[in-house]
Amino acid sequence: MGLAACLSSALQAALEQGKIAWTSHRVSITRKQQEHEITAMRAEMPEYAALHVHVLQEVVTRVDRTFQRFFQRVKQGEKAGYPRFKGVNRYHSFTFKEYHNGAYVDNGSLVLSRIGRVKVIWSRPLEGTPKTVTIRREADGWYVSFACANVPCVHLEKTGKEVGIDMGLKSFLTTSEGEHVENPRWFRASEKKLRWHNKRVSRRKPGSKRRKKAVQDLAKVHQTVARQRLDYQHKEANKLIAKNDVIYHEDLEVRNMVRNRHLSKSISDAGWGQFLTILHHKAARAGREVVAVPAQYTSQDCSRCGARVPKSLSVRTHVCPACGLVMDRDENSARRIKWVGQTLRGVPGMPGTQPPFGERNRASAVP
Ligand SMILES: [Zn+2]
């Protein structure tokens, strides 16, 4: 498809403009300005004119977003990688930002402006009102996804139960009920396979047909791993939502944790951020509540008496010198997370749990 190449050059043009504006004037050009540029470009260059204007605009929007984030990082004094140009092989999707304008479904087929009628194998029926249409290229073909508004909610019946979850390294997650959900290690298991495919790519001559084939195979392995992970996360999120009205989780600052080299692999393995996103979305549709709880000390404080029991990551059991509680480290955290969450929401605490030592002492000191 020459389309990807064309989009890629449109993106490069937009990126170049951003770059020139930044390096020579230290200002960012606005999206509106760039959209005007697109109109001018289309008039001059026939390959851009062959694309729907919304598709081009969306490219500009992406570049704009990338630059906004870049400037934000610069402002915060963080190490800011300059946005880089993505070549044809890295440009995987394009978006029609208005359903019916450039893309729509007709009689089971997808009709795309300037491309024509495309046969689609539907994974599930469209629900709600389609707003945008994104076409994406994956290792094994092209995919279309619709962002829809007014998707009907399917509210589940109340169960009267609330749960805390601790997302860990040993188990993917542990609930305040003491249930352990094992960590998916596909990425690790597939790592050997990935490494083998990686080597095969580098062994082959750049630009050769055989190398291209090896790159495709590698992409397929990556895709399989990503799909397995997603599938697993959807299932686990469904289980939690089916059983509980409210789910409390640690407000993970995954970004900070990933910087710690020892943990990074397991963290990306488990894809906690992605899991939490799925959990929040599913909960919203099911009429359930998901509450992020400040993670400070939840792994240390005792879930029964509130005493602070410092322990390193390698200590797997919580042993409280104050009240004698002996419990799996992660289960103690999950209970503590639930308690903190319920306190924040103003729900009376679980039976048998108490505030942290400091707070309790303060409370009892008040006459
Ligand atoms: Zn205790």
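**Exercise 1. Find what share of the sequence-distant contacts in the chain joins residues at least 24 apart.**

Solution. Start with the term: a contact means heavy atoms within 4.5 Å. Take the contacts between residues at least 6 apart in sequence. Of these, 62% join residues at least 24 apart.

The model is predicted: local features need pLDDT of at least 70, side-chain atom pairs count only at pLDDT 80 or more, and totals for chains, interfaces and linings use all residues. Residues are numbered from 1 along each chain as its sequence is written, and side-chain values use heavy atoms, with hydrogens and water left out.

**Exercise 2. Describe the chain by its helices and strands, its buried share and its surface.**

Solution. Step one: the chain has 11 helices and 13 strands. These are DSSP runs numbered from the N terminus, helices being H or I of at least four residues and strands E of at least two. Step two: 39% of the 367 residues are buried. Buried means under 20% relative accessible area, exposed over 50%, and partly exposed in between, with a 1.4 Å probe and protein chains only. Step three: the accessible surface is about 21400 Å². Carbon and sulfur atoms hold 53% of that surface. The areas come from the Shrake-Rupley method with a 1.4 Å probe; for residues, only the protein chains shown count as cover.

**Exercise 3. Classify the ring pair Y99 and F146, and place both residues in the chain.**

Solution. The structure holds five aromatic pairs. Rings of Phe, Tyr and Trp (its six-membered ring) pair if their centres lie within 6.5 Å; planes under 30 degrees apart are stacked, over 60 edge-to-face, and the rest tilted. For Y99 and F146, the centres are 6.4 Å apart and the planes stand at 70°, so the pair is edge-to-face. Next, locate them. Y99 sits in the loop between β1 (93–96) and β2 (103–106), and F146 in strand β6 (residues 141–149). The pair links parts of the chain 47 residues apart. Now check burial. Y99 is buried at 16% relative accessible area, and F146 is buried at 17%. Finally, look for a third member: W122 joins Y99 and F146 in one aromatic cluster.

**Exercise 4. Repeat the analysis for F172 and Y232.**

Solution. The ring centres of F172 and Y232 are 5.6 Å apart, with planes at 70°, so this pair is edge-to-face. F172 belongs to strand β8 (residues 171–175) and Y232 to helix α6 (residues 209–243), 60 residues apart. Both are buried: F172 at 0% relative accessibility, Y232 at 14%. Helix α6 also holds D217. D217 is buried, at 16%. Leaving out residues up to four places away in sequence, D217 touches H197 and R200.

**Exercise 5. Work out the geometry of the zinc site.**

Solution. First, list the donors: C302, C305, C320 and C323 coordinate the zinc ion through SG, at 2.3 Å. Donors are N, O and S atoms within 2.8 Å of the metal (3.2 Å for Na, K and Ca); water is not among the atoms, so sites may look incomplete. Second, read the angles. They run from 104 to 112°, which makes the arrangement tetrahedral; four donors qualify if all angles lie between 85 and 135 degrees. Third, note the spacing, C-x2-C-x14-C-x2-C. C305 lies in the loop between β11 (289–293) and β12 (317–319), and C323 in the loop between β12 and β13 (326–328), so the pair ties together parts 18 residues apart in sequence. Last, compare exposure: C305 is buried at 8%, whereas C323 is partly exposed at 26%.

Technical notes:
Four donors count as tetrahedral if all angles lie between 85 and 135 degrees; four count as square planar and six as octahedral if opposite donors are over 155 degrees apart and all others between 65 and 115; anything else is irregular.
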